[in-house]
Amino acid sequence: MRWTWVGLTALAWAAVGCKSVGPYQRDPNDEDALTSNVPVIRAPPKDRCAALGKSSVRGPCDDALYLGSEYTRRLAVGDEVCLEGGYGEEPGAACKARAAVIDTGTNRVKLEVRQARPDSRWFKSEMRHAWYEEGALVDLYLAERGY
């Protein structure tokens with residue numbers, strides 16, 4: 001009986017000690033097979049070039065769509081990309097937000113924001129992961145070129 005009380009007292013002290021650590025918070029970049037915290041950025045339902053109809057800028061937009069699609073499809077793990085200020089080009093001085101490709105999948109690219117300037121919309125997103133559908137990245141390519 002005495003050992004039972006000793007065991008229960010030790011268990012109570014252990015519970016009090018664990019309670020002071022604080023609430024458990026999941027890492028937003030961890031992926032689980034059942035529930036994933038990593039967001040998926042979907043492609044828009046209609047591409048920007050189709051919205052232009054038969055205007056005179058439709059031809060150049062289709063060319064840019066092709067180039068953006070080819071660039072996005074050729075991304076591989078370890079490649080650095082510019083998310084703001086030059087997607088589709090080597091990240092240079094004009095790039096406001098740099099990211100790295102950390103995984104690829106069918107029609108998807110997983111990016112991690114590595115560096116962002118204070119004037120970038122990605123500034124508070126450093127070290128965050130997100131899956132991007134290829135169409136979403138191609139849409140970014142077209143948006144940066146004014147389409």
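## A buried cysteine to start with

Let's begin with C82. Its relative accessibility is just 1%, so C82 counts as buried; the cut-off for that label is under 20%. Keep in mind that you're looking at a predicted model.

Where does C82 sit? You'll find C82 in strand 2, which covers residues 80–84. Across from C82, in strand 3, stands R98.

## The bond from C82 to C95

C82 has a partner: a disulfide joins it to C95, with 2.2 Å from S to S. If the word is new to you, a disulfide is a covalent bond between the sulfur atoms of two cysteines.

This pair links distant parts of the chain, with C82 and C95 13 residues apart. While C82 belongs to strand 2, C95 lies in the loop between strand 2 and strand 3 (97–105). Is C95 buried or exposed? Its relative accessibility is 5%, so C95 counts as buried.

Now for the twist of the bond. The torsion about the S-S bond of C82 and C95 is about 115°, so this disulfide is right-handed.

## The other disulfide

How many disulfides does the structure hold? There are 2. Besides the pair we've just met, C49 and C61 form a disulfide, and their sulfur atoms are 2.0 Å apart. Here, too, distant parts of the chain get linked: C49 is in helix 2 (residues 48–51), C61 is in helix 3 (residues 58–73), and 12 residues separate them.

Both C49 and C61 are buried. Which hand does their bond have? The torsion about the S-S bond of C49 and C61 is about -90°, so that disulfide is left-handed.

If you count the bonded cysteines along the chain, the disulfides follow the pattern 1-2, 3-4.

## The sheet around strand 2

Back to strand 2, the home of C82. The model has an open sheet of 5 strands with mixed pairing, and the strand order is 1-5-4-3-2. Which strands are at the edges? They are strand 1 (40–41) and strand 2, each pairing on one side only. Strand 2 pairs with strand 3 in the antiparallel sense, over 4 bridges.

A helix joins the picture as well: helix 4 (residues 134–144) packs on the sheet. Helix 4 touches strand 1, strand 2, strand 4 (108–116) and strand 5 (129–133). The direction of helix 4 makes about 85° with that of strand 5.

Key
Residues numbered from 1 in each chain as written. Predicted model: local features only at pLDDT ≥ 70, side-chain atom pairs only at ≥ 80, totals over all residues. Heavy atoms only, no water. Disulfide = S-S within 2.5 Å. Helix = DSSP H or I, 4+ residues; strand = E, 2+ residues; numbered from the N terminus. Buried < 20%, exposed > 50% of the residue type's maximum accessible area, 1.4 Å probe, protein only. Pairing = 2+ DSSP bridges. Contact = heavy atoms within 4.5 Å. Axes fitted to C-alpha atoms, helices over the stretch in contact; angles between N-to-C directions.
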